[in-house]
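Reader: I should like to learn how to read the features of a protein model in an orderly way. Could we proceed from the overall plan to the details?

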Amino acid sequence: MTVVNYSVQDIISPERRVFVGTEWFVAVMRDQELHAALVRQLTFSLSVLAVELPLGILLALSMPAEGWRASVVLVIVSLSLLIPWNVVGTIWQIFCRSDIGLLGASLQWLGIDYSYTGNATHAWLTVLVMDVWHWTPLVALLGYAGLRSIPDAYYQAARIDGASKFAVFRYIQLPKMRGVLMIGVLLRFMDSFMIYTEPFVLTGGNATTFLSQFLTQKAVGQFDLGPAAAFSLIYFLIILLLCFILYNWMQRVGTQEKEGGHE
């Protein structure tokens, strides 16, 4: 309620406030920096899904189904998920340095002028790779759980019918994983759309600015509480709307495939 209150007022001082109605909302929606940050954020979130979803499925399919090897692999795969967000940014900040970092020094040795703080494209790609490394295991674990819930009778019937590995994946494994993968897609989209800590620690927000960093600059850096409050509400509605569209689209695709299977 405080955010809603701030979004319709001009905070001159703690004691002086002027009601401005929807003025801050209009100003924020016309901000060209916001438009650029929104495009950058959408591109990043969609790129994350395009890479992490197939990579997570492939990793889940390659993991052992049972035995001690399955336990070891599950622990190894889960390790990156246990690392706090700010530590992930610090790890990659060191990893990408050209003087002491393995990745940065290797790229410099290959003659590639790599700078994750001075080049916006390099920063964006670095944050993308960092996010893929950090969160692909989540998709893999969800996919693995979906695979383990498939009864063995389905595989026996496929072997009797002489189905290929691709046919087994297409008609047995993928449909059975759809529910958990839908959860993974929604979680990864929402989380990637709100990403802040990792790119802030890695680049300081100078080379690339996502929506969360844009909001922080407004609220903390410039102390424009009114526009920041208005933008935070718009930010929330954008996430809510996109997740609603994505969820309904995935539900519709799943329903159409089920109807096609029955036919």
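Author: We begin with the order of the secondary structure elements. In this predicted model, the sequence runs through the pattern α-β-β-α-α-α-α-α-α-α-α-α-α-α. The protein has 12 helices and two strands.

Reader: What are the dimensions of the box that the C-alpha atoms fill, and what percentage of the residues count as buried?

Author: Taken along the principal axes, the box filled by the C-alpha atoms is roughly 75 × 55 × 30 Å. The protein has 263 residues, and 38% of them count as buried. Its exposed area is about 15100 Å², with 66% of that supplied by carbon and sulfur atoms. As for contacts between residues at least 6 apart in sequence, 67% join residues at least 24 apart.

Reader: How is a single helix to be read? Which residues of helix H4 are buried?

Author: The general idea rests on the period of the helix. An α-helix has 3.6 residues a turn, so residues three or four places apart point the same way. Now the case here. Helix H4 spans residues 68-78, and its buried residues are Ala70, Val77 and Ser78. They line one face of the helix, because their directions, seen down the axis of H4, fall within an arc of 90 degrees. The cover over these buried residues includes helix H3 (32-62) and helix H7 (120-148).

Reader: Which exposed residues does the face of H4 turned away from the buried side carry?

Author: That face carries Trp68, Arg69, Val75 and Ile76. Val75, for example, belongs to helix H4 and has a relative accessibility of 52%; since the cut-off for exposed is over 50%, Val75 counts as exposed.

Reader: Which residues make the nonpolar surface patch?

Author: Trp68, Val72, Val75, Ile76, Leu79 and Leu82 make a nonpolar surface patch of about 660 Å². Trp68, Val75 and Ile76 are also among the exposed residues on the face of H4 turned away from its buried side.

Reader: Let us turn to charged side chains. How many salt bridges are found in the whole structure?

Author: The search finds four. In reading each one, it is useful to ask for the distance, the accessibility of the partners and their places in the sequence. One salt bridge joins Arg97 and Asp99, with the closest N and O atoms 2.6 Å apart. Arg97 is partly exposed at 33% relative accessible area, while Asp99 is exposed at 52%.

Reader: Are the partners Asp131 and Arg188 buried or exposed?

Author: Asp131 is buried, with 4% relative accessibility, and Arg188 is buried as well, at 1%. Their side chains form a salt bridge with an N to O distance of 2.5 Å. Asp131 lies in helix H7 and Arg188 in helix H9 (residues 165-193), so this pair ties together parts that are 57 residues apart in sequence.

Reader: What is the N to O distance in the salt bridge between Asp191 and Arg188, and where do these two residues lie?

Author: The distance is 2.9 Å. Both residues lie in helix H9, three residues apart, which is about one turn of the helix. Asp191 is partly exposed, with a relative accessible area of 22%.

Reader: Which residues are linked in a network of salt bridges?

Author: The network links Glu52, Asp131, Arg188 and Asp191. Within this group, Arg188 forms salt bridges with Asp131 and with Asp191.

Terms used
Residues are numbered from 1 along each chain as its sequence is written. This is a predicted model: local features need pLDDT of at least 70, side-chain atom pairs count only at pLDDT 80 or more; totals for chains, interfaces and linings use all residues. Side-chain values use heavy atoms; hydrogens and water are left out. Buried means under 20% relative accessible area, exposed over 50%, partly exposed in between (1.4 Å probe, protein chains only). Helices (H or I, at least four residues) and strands (E, at least two) are DSSP runs, numbered from the N terminus. The arc is that of the directions from the helix axis to the C-beta atoms. Contact means heavy atoms within 4.5 Å. Patches are made of residues with over 30% relative accessible area and no salt bridge: like charges are joined within 9 Å, nonpolar side chains (Val, Leu, Ile, Met, Phe, Trp, Tyr) within 5 Å. Accessible areas come from the Shrake-Rupley method with a 1.4 Å probe; for residues, only the protein chains shown count as cover.
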